[in-house]
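Please examine the sequence and the structure shown below. The report that follows describes selected features under short headings.

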Amino acid sequence: MRLFVRLLSALIGLALAAAGVLLALEVGWGWWRPGRGPLFVPWDDWRDRLAEHSWSAPEARYLAIAVAVVGLLLILAAASAGRRAIRLTDPANEVSVTTSPRSLARLVGLTVRAQENVAGAKVTATAKKIRVRATSRLETEGELRPRLLETVSGLLDDVPLVRRPKVSVVVDSPKDRR
């Protein structure tokens, strides 16, 4: 969702910048050639067409409702794209401590990669779940998985997390494919 909000904000920013440049060009053209018509945008035609409509017309109300709905959807999208912090136990009153999922994943990844017979590991972490995908050339999943689960559980015992996430470990090994 954060990617969507970032792309949307970039597009809205570009549209506002283009509208600002267009407005500056129109104002400059109007000052330079006051008797002539507009440069790009037919302002006079738009003003005349809008004067024909009333604020109490059904089209104006439907448009206002549509704009309000789109605005609420944008607010919800921005609110749901918030930072996903993982809470740690508070060391003192009035002090709160958080960490990012990326930092927790790095910590778990370093610990898993330091284990014997682990060739590599990919770790993703959220506040609810930690997924470890390790690769080994020398051990099978049945041999390595319990040891990695124990290692990650021991690490999570040392990290002062408020809520302990579930741990999922998968081992890819060429020995399992034989």
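## Annotated segment

Which residues does the UniProt annotation "transmembrane region" cover? According to the unreviewed UniProt entry, the annotation covers residues 60-79; such annotations may be inferred rather than shown by experiment. Over residues 60-79 the chain is 100% helix and 0% strand, with helices (at least four residues) and strands (at least two) being DSSP runs numbered from the N terminus.

This is a predicted model, in which local features need pLDDT of at least 70 and side-chain atom pairs count only at pLDDT 80 or more, while totals for chains, interfaces and linings use all residues. Residues are numbered from 1 along each chain, and side-chain values use heavy atoms, without hydrogens and water.

## Strand pairing

Strands E3 (120-125) and E4 (129-135) run antiparallel and are joined by six bridges; strands pair if DSSP finds at least two bridges between them. Gly120 stands opposite Thr135 in E4. E4 and E5 run parallel, with seven bridges, and Ala134 stands opposite Val171 in E5.

## Strand E4 and the core

In a regular strand the side chains alternate between the two faces of the sheet. Along E4, Ile130, Val132 and Ala134 point to one face and are buried (under 20% relative accessible area, 1.4 Å probe, protein chains only). Lys129, Arg131, Arg133 and Thr135 point to the other face and are not buried.

The largest nonpolar core (buried Ala, Val, Leu, Ile, Met, Phe, Trp, Tyr and Cys residues joined through side-chain atoms within 4.5 Å) has 22 residues. Ile130 and Val132 are among those with the most contacts inside this core. Its largest share, five residues, comes from helix H5.

Technical notes:
Buried means under 20% relative accessible area, exposed over 50%, partly exposed in between (1.4 Å probe, protein chains only).
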